[in-house]
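Visitor: Could you walk me through this one? I'd like to start with the cysteines and then move on to pockets and strands.

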Amino acid sequence: MSAKGMLQRPAGMYQAGTTENRLPHLETFCLAAELGSFTAAARAFGITQAAVSQRIQRLERRLGVGLFRRRARRLQLTQAGEKLYEYAQRLQRLQQEAIARVTGCRMGQMSELRIGASTVPGEYLLGELLARFQERFPQVQVRVQVTNTQQVLQQVERGQVHIGLVGACNDSPQLEFRGFGWDRLVLVVSPQHPLAMRTVVSLRELIKHRLIVREAGSGSRQCLEQALRRAGLSLDDWESVMELGSNLAIKEAVQRGLGIAIVSQYVVRDWVESGQLAQVAIARWKAARRFYAVWRRHKPLPVAAQLFLDVLFARRSPSRAAV
């Protein structure tokens, strides 16, 4: 075979040095998608809005499809734009991770990650997750707000945080939920409480004892109320209910004999193991719930948020049987 024949390639095969198979200005496209504005993207890059428009037009001509549409003075991705953004994010994450691993340098778009978390995932699960995330990406500045589930969902919808970690979900069309772990609610009493000597109690036996619960808007409270409804009961059936605004306040109130509580296993595990609280089984009681990561469905996530989700979903989630 001649040297000329050995160098021939099939028509359309990629050749090094050509630009036919490369997509121009993906970084500009991603930032415009995340900010929802050519003007904001231009300001971030330090160029004119016209320059950003020209870059996007060039990318659209290369693909032969429209990538953006304007809705209520904001840009939204078309279906083709959403597909391209998904691939562009993968490329950006690989590039950013390569830079972080090789140089340890701080990178602009990865510089901040804002997380909202409800109390149980925020106080009992997030620490381990952040340790693993920051070990891989120490250049990312993480800001966390811990509050109840309802407030976290509001923060996500308003764009105040990139990602929420919550113990309940809703049917908002603006939000995307994905489960990452399980929890269950357990009954705890003071070690001096008469029920502490029991192995198993019925749910209806508990009605005469003061029940201490979290405030409305808490994922734990929502899970408890749903489980009671399935058992044919509600909080209105209790002779006395005390509402407190934190898990720590509930644990201390139960320990002091002010009432009983049905709370997350994560909240009371250490106190039960140390003997500060007694855990008692409830007959035929089923109160399991999922933990969810939540983000805005139609708002592209920045690279740092995508990287955090990669770490989160790589974590071995506890099964229903384990809880």
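**Cysteines, pocket and a strand**

Guide: Keeping in mind that this is a predicted model, Cys30 counts as buried because its relative accessibility is 0%, which is under the 20% cut-off.

Visitor: And Cys223, buried or exposed?

Guide: Cys223 is buried too, since its relative accessible area is 5%.

Visitor: How many disulfides turn up?

Guide: Zero disulfides are found when the whole structure is searched.

Visitor: Switching to pockets, how much space lies in the largest pocket?

Guide: The largest pocket holds about 950 Å³, and among the 31 residues lining this pocket, those closest to its centre are Arg296, Arg297, His298, Lys299 and Pro300.

Visitor: Which element gives the most to that lining?

Guide: That is α5, which contributes six residues, while other elements supplying at least two each include α2 (26-35), β6 (175-189) and α11 (303-314).

Visitor: What's the mix of nonpolar, polar and charged residues there?

Guide: The lining of the largest pocket comprises 13 charged, twelve nonpolar and six polar residues.

Visitor: Now β8, which residues are buried on its faces?

Guide: On one side of β8 (residues 211-214) Leu211 and Val213 are buried, and on the other side Ile212 and Arg214 are buried as well, so both faces are covered.

Visitor: What does β8 pair with?

Guide: Strand β8 runs parallel to β9 (residues 241-244), joined by four bridges, with Ile212 opposite Met242; β8 also pairs in the parallel sense with β10 (residues 260-264) over two bridges, where Leu211 has Ile260 as its bridge partner.

Visitor: Which helix goes with β8 and β9 in a β-α-β unit?

Guide: Helix α8 (residues 219-230) does, and the unit is right-handed.

How values were computed: Residues are numbered from 1 along each chain as its sequence is written. This is a predicted model: local features need pLDDT of at least 70, side-chain atom pairs count only at pLDDT 80 or more; totals for chains, interfaces and linings use all residues. Side-chain values use heavy atoms; hydrogens and water are left out. A disulfide is a pair of cysteine sulfur atoms within 2.5 Å. Buried means under 20% relative accessible area, exposed over 50%, partly exposed in between (1.4 Å probe, protein chains only). On a 1 Å grid over the protein atoms alone, a cavity is a set of points where a 1.4 Å probe fits but cannot get out, and a pocket is an open set with protein on both sides within 12 Å along at least five of seven lines; lining residues have an atom within 4 Å of a point. Grid points are joined across faces, edges and corners, and a volume is the space filled by probe spheres set on the points. Ala, Val, Leu, Ile, Met, Phe, Trp, Tyr, Cys and Pro count as nonpolar, Asp, Glu, Lys and Arg as charged, and the others, Gly among them, as polar. Two strands pair if DSSP finds at least two bridges between them. A crossover is right-handed if, with the strands pointing away from the viewer, the path from the first strand over the helix to the second runs clockwise.
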